[in-house]
Amino acid sequence: VPAGNVGVVDLFGVVSENTLKSGINFVNPLARVIKFSVQTMEHKEAMQVLSREGLTIGLEISALYRLEPDSAASMYRKVGTEYSQVVLIPQFRSISRAVTASFQASALYSTEREKLGSTIQEELAMATKPRGLIIESTPLRNVALPSQLTDAIEQKQRAAQESQRMEFILTKEKQEADRKRIEAKGIADFQ
């Protein structure tokens, strides 16, 4: 069995409960050894999801996962070798859509991106752990908001910056007025 893999022994349809670790293993010559990778794998997904407000958001997200070595025999018996297509991908899509629907689109633009990724990871891990998949992380690669929402958020940020700039100018002018008042009082006292 190569490094980073485990083997499942199938002898005429009877699957052994024990998995073979990587390295040399002795098996019945009539048995087949099905190899399962236990290395970290990535599934990338690009999808259109809805936010809490009903806005369509383009979401690019990955799932980093691996098979739990002791679950390989059970996975082979119940699902087969294409377990990522059967167990991971449908759950990943469903959970991503459900979790994103609980967030506001404007929050995903800035503050809540990390929270979205961690929530998807937690929910996906709970859904796939009983089947023997370990979810390591679900990093967000891109969140594309509708252009009108992006424009509105940028306009709001520009307005906030302009407001702060005006407050700074007013403070500066008040300080200048105070300075001139003090200077005028000093000149008046002098005269």
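This report walks through the strands, one helix and the nonpolar core of a predicted model.

## The three-stranded sheet

Let's start with the open sheet, where three strands line up as E2-E1-E3 with antiparallel pairing. Strand E2 (14-20) and strand E3 (32-37) sit at the edges, each pairing on one side only. On average, neighbouring strands here are turned by 25° against each other, ignoring direction.

Strand E1 covers residues 5-11 and is tied to E3 by six bridges. One spot to click on is Val-6, whose bridge partner in E3 is Phe-36. Phe-36 also turns up in the core section below, among the residues with the most contacts inside the largest nonpolar core.

As background, strands of a sheet pair through backbone hydrogen bonds, either parallel or antiparallel.

## Strand E5 and its partners

Strand E5 (residues 56-67) pairs with E4, E7 and E6, so let's take these one by one. With strand E4 (residues 41-50), E5 runs antiparallel and shares 10 bridges; Val-49, for instance, has Ile-57 of E5 as its bridge partner. The hairpin of E4 and E5 has five residues between the strands, and Gly-54 there takes a positive phi near 90°.

Next comes strand E7 (residues 140-144), which pairs with E5 in the antiparallel sense over four bridges. Glu-60 finds its bridge partner in E7 at Asn-142. Strand E6 (residues 133-137) is antiparallel to E5 too, again over four bridges, and here Tyr-65 has Ile-135 as its partner.

## Helix H2

How far apart are the end C-alpha atoms of helix H2? They are 25 Å apart, which agrees with the 26 Å that 18 residues (83-100) should span at 1.5 Å a residue. Still, H2 bends by about 30° at Ile-89, and a proline, Pro-90, follows within four residues.

Several H2 residues are buried, including Tyr-83, Val-87, Leu-88, Phe-92, Ile-95 and Val-99. Ile-89, where the bend falls, is on the buried list as well. In general, an α-helix has 3.6 residues a turn, so residues three or four places apart point the same way.

## The nonpolar core

Which residues have the most contacts inside the largest nonpolar core? They are Phe-36, Leu-116 and Leu-133, in a core of 35 residues.

Leu-133 is worth a look in the viewer. Leaving out residues up to four places away in sequence, Leu-133 touches Tyr-65, Arg-66, Leu-67, Met-75, Tyr-83, Val-87, Leu-88 and Thr-128. Of these contacts, Tyr-83, Val-87 and Leu-88 are buried residues of H2, while Tyr-65 is the E5 residue bridged to Ile-135.

Key. Residues are numbered from 1 along each chain as its sequence is written. This is a predicted model: local features need pLDDT of at least 70, side-chain atom pairs count only at pLDDT 80 or more; totals for chains, interfaces and linings use all residues. Side-chain values use heavy atoms; hydrogens and water are left out. Two strands pair if DSSP finds at least two bridges between them. Helices (H or I, at least four residues) and strands (E, at least two) are DSSP runs, numbered from the N terminus. Axes are lines fitted to C-alpha atoms, for helices over the stretch in contact, and angles run from 0 to 180 degrees between N-to-C directions. A nonpolar core is a set of buried Ala, Val, Leu, Ile, Met, Phe, Trp, Tyr and Cys residues joined through side-chain atoms within 4.5 Å. Buried means under 20% relative accessible area, exposed over 50%, partly exposed in between (1.4 Å probe, protein chains only). Contact means heavy atoms within 4.5 Å. The expected span of a helix is 1.5 Å times one less than its number of residues. The bend at a residue is the angle between axes fitted to the seven residues ending there and the seven starting there.
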